[in-house]
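Walk through this structure with me, one contact at a time. Keep the sequence and the 3D view open side by side.

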Amino acid sequence: MTTRGVLYLHSAPRALCPHVEWAAAGVLGVRVSLDWIRQPVAPGTWRAELSWQGEPGAASRLASALRGWHLLRFEVTSEPVAGVEGERYSSTPDLGIFHAVTGVHGDILIPEDRLRAALLRSRTGECDLEAEISRLLGKPWDDELEPFRHAGEGAPVRWLHQVV
């Protein structure tokens, strides 16, 4: 069984670019050579995109391989396949990493226990329910990454296929 996904590297210092390629290659099991272009939103950084195909779980392994580099902004997505939900990971230097399960139409699916916990915290005054649901949907990450996403419109995308 294989899934497809995209690794969006929104901003990386030039010195990290080869390390990102090595990390992605290690996860996907194929050579990765990205077409890096300047990221105008954060001068001195570079951006790239990689469409990939591989085993379910590859998105989580990619996110884990990249999460340790504090200066990196990235997103990893994977499509759902039979019996396996899709995933989305977003990471920024200020917010850290966000993970969400996605359905067949790309919607974020919030597990029942997380919603119940948010309700309980709001009832006890620990949080504002609207702000907590917004966080569960990844809005703070979307807000921070949105300028970087627009800066990448029209950027080259490279497809990699893993032999399974």
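Arg4 is partly exposed, because its relative accessible area of 36% falls between the 20% and 50% cut-offs. The model is a predicted one. In it, Arg4 forms a salt bridge with Glu79. The closest N and O atoms of this pair are 3.3 Å apart. Glu79 is partly exposed too, with a relative accessible area of 38%.

Where do Arg4 and Glu79 lie? Arg4 belongs to strand β1, residues 3-13. Glu79 sits in the loop between β4 and β5, the latter spanning 86-92. The two are 75 residues apart in sequence, so their salt bridge ties together distant parts of the chain.

Arg4 also leads to Thr77, since the two are in contact. Thr77 is found in strand β4, residues 73-78. Its relative accessible area is 23%, so Thr77 counts as partly exposed. Beyond its neighbours within four places in sequence, Thr77 touches Arg4, Gly5, Val6, Tyr8, Trp52, Ala59, Glu87 and Arg88. A distance can be added here: the C-alpha atoms of Thr77 and Leu62 are separated by 9.7 Å. Along the chain, Thr77 and Leu62 are 15 residues apart.

Now turn to Gln39. Is Gln39 buried or exposed? With 1% relative accessibility, Gln39 falls under the 20% cut-off and therefore counts as buried. Its place is in the loop between β2 (37-38) and β3 (45-54). Which residues does Gln39 contact, leaving aside its neighbours within four places in sequence? They are His10, Ser11, Thr45, Trp46, Arg47, Phe148 and Ala151.

Next come two helices. Two packed helices are described by the angle between their axes and the distance between the axes. Helix α3 covers residues 112-123, and helix α4 covers residues 129-136. They pack at an angle of about 155°, with their axes 9 Å apart. Why is α3 called roughly antiparallel to α4? The angle is about 155°, and angles over 145 degrees count as roughly antiparallel, so the label applies to α3 and α4. The crossing of α3 past α4 is right-handed.

Which residues make this contact? From α3 come Arg114, Leu115, Ala118, Leu119, Arg121 and Ser122. From α4 come Leu129, Glu132, Arg135 and Leu136. By class, the contact has five nonpolar, one polar and four charged residues.

Two of the charged residues deserve a look. Side chains of opposite charge can pair when their charged atoms come close. Arg121 and Glu132 meet in a salt bridge, at 2.3 Å from N to O. Arg121 lies in helix α3 and Glu132 in helix α4, so this pair ties together parts that are 11 residues apart in sequence. Arg121 is partly exposed, with a relative accessible area of 25%. Glu132, at 8% relative accessibility, counts as buried.

Glu132 has another partner. It forms a salt bridge with Arg135, with the closest N and O atoms 2.7 Å apart. Both residues lie in helix α4, three residues apart, about one turn of the helix. Arg135 is partly exposed, with a relative accessible area of 33%.

How many salt bridges are there? The count comes to 12. Salt bridges with shared partners also join Glu75, Arg88, Asp142, Glu146 and Arg149 into one network. One of these, Arg88, is in contact with Thr77 as well.

Notes: Residues are numbered from 1 along each chain as its sequence is written. This is a predicted model: local features need pLDDT of at least 70, side-chain atom pairs count only at pLDDT 80 or more; totals for chains, interfaces and linings use all residues. Side-chain values use heavy atoms; hydrogens and water are left out. Axes are lines fitted to C-alpha atoms, for helices over the stretch in contact, and angles run from 0 to 180 degrees between N-to-C directions. Helices (H or I, at least four residues) and strands (E, at least two) are DSSP runs, numbered from the N terminus. Angles under 35 degrees count as roughly parallel, over 145 as roughly antiparallel, 65 to 115 as roughly perpendicular and the rest as oblique. A crossing is left-handed if the near helix is turned anticlockwise from the far one by less than a right angle, and right-handed if clockwise. Contact means heavy atoms within 4.5 Å. Ala, Val, Leu, Ile, Met, Phe, Trp, Tyr, Cys and Pro count as nonpolar, Asp, Glu, Lys and Arg as charged, and the others, Gly among them, as polar. Buried means under 20% relative accessible area, exposed over 50%, partly exposed in between (1.4 Å probe, protein chains only). A salt bridge is a side-chain nitrogen of Lys or Arg within 4 Å of a carboxyl oxygen of Asp or Glu.
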